[in-house]
Each structure stands twice: as C-alpha cells, then as structure tokens.
Amino acid sequence: MTTPDEMPVTGFTATQAHELVAAGRGVLVDTRDARLFDNAHAAGALSLPLATLEAAQGRPPAGALPLDRTLILYCA
C-alpha cells in the first residue's frame, strides 16, 4: 500500500477527475475550511481542510482518506 509520503502529485482535468470518481477509482477531497465545506461541496467529497494538513506537516490524519483510491484535492 502506498503511504501519503509516496503518493505522486499530478494534475487532472475536470473530465479526468469525473471519470475517476465515476469509476470508483478516485475520491474528491475538499481542502477548504469546514464552514465553506458545510455550506456547499461536490457530491461525495470528503472534507480535509488545508489548515489541518499544514498543522500536521502535510500528513492527513490516520484513516481520514481512502488510500486505495486516487485523491483529487480541490478548493472552489
């Protein structure tokens, strides 16, 4: 299993992201603060605020993200 430190960073088009999520191979991760996430977010997205990642030196909390899928981080 790949750890967060070993995950490659790449870019996705909106179409590619949609295809990954629709195929069950990707998950959307909203990096905005909880207030904005609670107000509106993409269907099925997980919330992981950037401030949380920064406070943990870039490491997501254990169990916060499914490591068996491609993580698609966004802020809108």
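**Pro49 and Thr31 beside a parallel sheet**

Pro49 counts as buried, because its relative accessibility of 18% falls under the 20% limit for that class. In this predicted model, Pro49 is found in the loop that runs between β2 and α3 (50-55). Apart from neighbours within four places in sequence, the residues in contact with Pro49 are Asp30, Thr31, Arg32, Asp33 and Ala34.

One of these contact partners, Thr31, belongs to the loop between β1 and α2 (34-39). Although Pro49 and Thr31 are separated by 18 residues in sequence, their C-alpha atoms are 4.2 Å apart in space. Thr31 is likewise buried, its relative accessible area being 14%. When residues up to four places away in sequence are not counted, Thr31 touches two stretches of the chain: Leu48, Pro49 and Leu50, together with Leu73, Tyr74 and Cys75.

The strands that adjoin these loops form part of an open sheet of 3 strands, which is arranged in the order β2-β1-β3 with parallel pairing. Both β2 (46-47) and β3 (70-74) stand at the edges with a single partner strand each, so that one side of each is left without a neighbour in the sheet. Between strand β1 (residues 26-30) and β2, the parallel pairing extends over 2 bridges. Ser47 in β2 serves as the bridge partner of Asp30, and Asp30 is also among the residues in contact with Pro49.

Definitions and conventions
Residues numbered from 1 in each chain as written. Predicted model: local features only at pLDDT ≥ 70, side-chain atom pairs only at ≥ 80, totals over all residues. Heavy atoms only, no water. Pairing = 2+ DSSP bridges. Helix = DSSP H or I, 4+ residues; strand = E, 2+ residues; numbered from the N terminus. Buried < 20%, exposed > 50% of the residue type's maximum accessible area, 1.4 Å probe, protein only. Contact = heavy atoms within 4.5 Å.
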